[in-house]
Amino acid sequence: MATLQELLTQKEALEREIEQTKKRDRADAIAKVRGLMAEYGLTLSDLGNKAAPAARQGARTKVPAKYRDASTGDSWSGRGLQPKWLKAALAAGRKIDDFKV
């Protein structure tokens, strides 16, 4: 039976061999693809290589308020969950139309 040190040495040797094989296989695949592209006169655009979508430029624009509490100045755009101040006012009997901007 092999000792721990011998097994660790074998493991390291196998990991090195795996990495070398991966690099060699990758290089072979790249060479094969380049050869086929040259043979058929293909370019990257022919492959449908689409660039990653550009990230949004700048910050999001703020949506204007649809509802505002005149006494406190709190506002809500009408998107997402209703804020607590509006829920409380509606529970107290006020109508949402009372807060329209």
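The following exercises, each with a worked solution, concern a predicted model.

**Exercise 1. Helix H1 and its end**

Determine whether the end-to-end distance of helix H1 agrees or disagrees with its number of residues.

Solution. Helix H1 covers residues 4-40, which is 37 residues. The expected span is 1.5 Å times one less than the number of residues. For helix H1 this gives 54 Å. The C-alpha atoms at the two ends of the helix are 54 Å apart, so the distance agrees with the expectation. Just after H1, Gly 41 adopts a positive phi of about 65 degrees.

**Exercise 2. Salt bridges**

State how many salt bridges the model contains, and characterise the residues that form them.

Solution. The criterion is a side-chain nitrogen of Lys or Arg within 4 Å of a carboxyl oxygen of Asp or Glu. By this rule there are two salt bridges.

- Lys 22 pairs with Glu 19, and their closest N and O atoms are 4.0 Å apart. Both residues belong to helix H1; because they are three residues apart, about one helical turn separates them. In general, an α-helix has 3.6 residues a turn, so residues three or four places apart point the same way. Glu 19 has a relative accessible area of 41% and is therefore partly exposed.
- Asp 98 pairs with Arg 94 at an N to O distance of 3.9 Å. Asp 98 has 46% relative accessibility, so Asp 98 is partly exposed. Arg 94, at 41%, is likewise classed as partly exposed.

**Exercise 3. The charged residue Asp 69**

Establish which side chain of opposite charge is nearest to Asp 69, and what contacts Asp 69 makes.

Solution. First, locate the residue: Asp 69 lies in the loop between strand S1 (67-68) and strand S2 (75-76). Second, consider its charge partners: Asp 69 is buried, and the nearest side chain of opposite charge is that of Arg 94, 4.8 Å away. A salt bridge requires a separation within 4 Å, and Asp 69 has none. Third, examine other polar partners: the side chain of Asp 69 makes a polar contact of 3.2 Å with the side chain of Thr 72. Finally, with neighbours within four places in sequence set aside, Asp 69 contacts Asp 74, Trp 85 and Phe 99.

**Exercise 4. The largest nonpolar core**

Identify the residues of the largest nonpolar core and the element that gives the most to it.

Solution. The core has six residues: Tyr 67, Trp 76, Trp 85, Leu 86, Ala 89 and Phe 99. Helix H2 (residues 84-91) gives the most to this core, with three residues. Next, take Trp 76 and leave out residues up to four places away in sequence: its contacts include the core members Tyr 67, Trp 85 and Leu 86. Among its other contacts are Ala 65, Lys 66, Leu 81, Gln 82, Pro 83 and Ile 96.

**Exercise 5. Ser 77 and the loop before S1**

Decide whether Ser 77 is buried or exposed, and describe its surroundings.

Solution. Ser 77 is found in the loop between S2 and H2. Its relative accessible area is 18%; since the limit for a buried residue is under 20%, Ser 77 is buried. A polar atom of its side chain lies 3.3 Å from the backbone nitrogen of Arg 79. Beyond four places in sequence, Ser 77 contacts Val 63, Pro 64, Ala 65 and Lys 66.

Of these, Pro 64 is in the loop between H1 and S1. At 63% relative accessibility, Pro 64 is exposed. The C-alpha atoms of Pro 64 and Ser 75 are separated by 9.2 Å, with the residues eleven apart along the chain. Lys 62 occupies the loop between H1 and S1, and its relative accessibility of 80% makes it exposed. Between the C-alpha atoms of Lys 62 and Leu 86 the separation is 20 Å.

Note on methods:
Residues are numbered from 1 along each chain as its sequence is written. This is a predicted model: local features need pLDDT of at least 70, side-chain atom pairs count only at pLDDT 80 or more; totals for chains, interfaces and linings use all residues. Side-chain values use heavy atoms; hydrogens and water are left out. A nonpolar core is a set of buried Ala, Val, Leu, Ile, Met, Phe, Trp, Tyr and Cys residues joined through side-chain atoms within 4.5 Å. Buried means under 20% relative accessible area, exposed over 50%, partly exposed in between (1.4 Å probe, protein chains only). Helices (H or I, at least four residues) and strands (E, at least two) are DSSP runs, numbered from the N terminus. Contact means heavy atoms within 4.5 Å. Lys and Arg count as positive and Asp and Glu as negative; His and the chain ends are not counted. A polar contact is a pair of N or O atoms within 3.5 Å; within protein, one must be able to donate a hydrogen and the other to accept it, and residues adjacent in sequence count only if both atoms are side-chain atoms.
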